[in-house]
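Visitor: I'd like a close look at just one part of this structure, please: the place where the two chains meet. Could you walk me through it slowly?

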There are 2 protein chains.
Amino acid sequence: MTDGPAGTGGARRRGRPSRTDSADGPGARERILTAARAEFAARGYEKASIRGIAKVADVDPALVHHYYGTKEQVFEAAVEMSLAPALEASEGVLEGGLDGAGERLTRFVLGVWENPVTREPLLAIVRSALNNDIAAAVFRKLVTRQLLRRIAAEPAVPDADLRAGLAAAQLVGTVMLRYVIKLEPLASAAPERIVARVAPVVQQHLTGP
Amino acid sequence: MTDGPAGTGGARRRGRPSRTDSADGPGARERILTAARAEFAARGYEKASIRGIAKVADVDPALVHHYYGTKEQVFEAAVEMSLAPALEASEGVLEGGLDGAGERLTRFVLGVWENPVTREPLLAIVRSALNNDIAAAVFRKLVTRQLLRRIAAEPAVPDADLRAGLAAAQLVGTVMLRYVIKLEPLASAAPERIVARVAPVVQQHLTGP
């Protein structure tokens with residue numbers, strides 16, 4: 001909302017965007033991404049605009065295109081930034097192989113959604129993905145590339161890719177009903193009760209008969 | 001789009017709304033509901049308006065309030081109208097008790113979503129529910145009242161209401177990833193392959209250990 005104390009160029013940037021490296025260089029690149037994430041989260045994919053993102057980042061719209069390309073590509077970069085902490089944490093989940101993966105995946109997903117800091121950007125992405133085909137394609141690509149491909153790469157399990165999708169469906173549905181629709185008693189149940197019921201089902205999808 | 005041949009008052013209604021029974025009576029009531037369903041489907045809960053619905057139905061906005069109350073109540077009536085065929089069909093699904101309910105529920109849900117005529121209004125409701133708290137409350141109330149309460153009413157099963165919610169989560173997540181996000185290979189898999197994998201899981205939620 002207000003300028004931090006660090007911004008020596010802050011006042012100047014509020015006028016016509018400067019073209020110096022200090023205003024449009026690496027700092028601007030990061031500022032654009034942060035602004036994009038905030039705009040997509042607040043407005044959704046369709047209503048957010050390159051112009052609005054540029055305004056929040058205090059740069060020329062052309063610079064947004066220069067660094068990130070089309071609106072779709074800006075969205076993809078913003079989604080990747082939002083998912084980064086979750087994806088980093090998910091490395092450990094899948095490293096252990098499919099034994100016990102049902103419980104590790106369930107705990108991981110609930111952990112990410114129980115925390116408002118990680119929940120909010122994810123919620124914005126999911127809402128955008130459900131409302132817009134381009135956003136859905138970006139979401140699909142990231143989920144497939146980062147998460148499902150590794151599960152589905154287990155050659156020992158037939159139908160591994162369909163199984164991974166249905167395990168994801170159980171987790172996505174649980175998250176939607178618990179955190180978005182707030183269906184009771186699912187919404188208020190202790191996480192451990194959810195884990196106790198969902199983990200075996202996810203495991204059955206991945207490695208069951 | 002165009003007036004049907006039946007409307008003797010059609011041309012007159014396009015001017016200032018008439019107050020006679022023939023224009024605002026039972027026909028108007030139904031016309032408003034159809035218009036509401038179309039408007040909510042096209043614009044989502046937040047963007048749809050009583051004024052817009054009244055315009056499509058060719059009535060005075062006051063008549064919309066008169067018949068259906070607040071925007072929230074109009075939405076609820078429109079959702080009930082959209083869900084009616086699905087809910088009617090679901091009676092048989094639950095009549096048979098919990099034995100085999102996993103497969104009957106899974107086949108029923110896939111059947112409703114495989115058919116574009118029943119899929120489109122449901123998709124509009126789900127999108128609205130994920131984007132707006134009031135729409136989410138309406139969705140929650142209807143699902144709980146119409147579907148889950150009957151499953152959860154089985155006294156023999158402990159945690160029946162939580163189990164019903166998690167069974168719904170598997171189905172909702174499967175529908176989201178298959179029909180909305182279009183995640184492969186889930187999106188293109190034959191319905192029978194999905195039933196074979198999802199039905200036992202839904203059954204496990206309802207009656208498993």
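**Where chain B meets chain A**

Guide: Let's warm up with one chain on its own, keeping in mind that this is a predicted model. Of the 209 residues in chain A, 38% count as buried. Chain A has 11 helices and 0 strands, so to speak an α-only run from the N terminus on. If you take its contacts with a separation of 6 or more, 64% of them join residues 24 or more positions apart.

Now bring in the partner. Chain B lands on chain A after a rotation of 180 degrees, with 0.0 Å of shift along the axis and an RMSD of 0.0 Å. The two copies are therefore related as by a two-fold rotation axis. They also use the same surface: 100% of the contact residues of chain B recur in chain A.

On to the contact itself, which takes 35 residues from chain B and 35 residues from chain A. On chain B's side, helices H8 (116-131), H9 (133-152), H10 (160-180) and H11 (191-207) each supply at least two residues. H10(B) gives the most, with 14 residues. By type, the side of chain B that touches chain A splits into 21 nonpolar, 8 polar and 6 charged residues.

One last stop is the largest nonpolar core, with its 109 residues. Ile32(A), Ile53(A), Ile32(B) and Ile53(B) touch the most other members there. Pick out Ile32(B): leaving aside neighbours within four places in sequence, its contacts are Ile53(B), Ala57(B), Val59(B), Leu63(B), Val64(B), Tyr67(B) and Tyr68(B).

Technical notes. Residues are numbered from 1 along each chain as its sequence is written. Chains are lettered from A and ligands numbered from 1 in the order in which they are written. This is a predicted model: local features need pLDDT of at least 70, side-chain atom pairs count only at pLDDT 80 or more; totals for chains, interfaces and linings use all residues. Copies are superposed by least squares on the C-alpha atoms of residues with pLDDT of at least 70 in both. Two residues are in contact if their C-beta atoms, placed from the backbone, lie within 7 Å. Helices (H or I, at least four residues) and strands (E, at least two) are DSSP runs, numbered from the N terminus. Ala, Val, Leu, Ile, Met, Phe, Trp, Tyr, Cys and Pro count as nonpolar, Asp, Glu, Lys and Arg as charged, and the others, Gly among them, as polar. A nonpolar core is a set of buried Ala, Val, Leu, Ile, Met, Phe, Trp, Tyr and Cys residues joined through C-beta atoms within 7 Å. A residue is buried if 20 or more other C-beta atoms lie within 10 Å of its own, exposed if 12 or fewer, and partly exposed in between; C-beta atoms are placed from the backbone.
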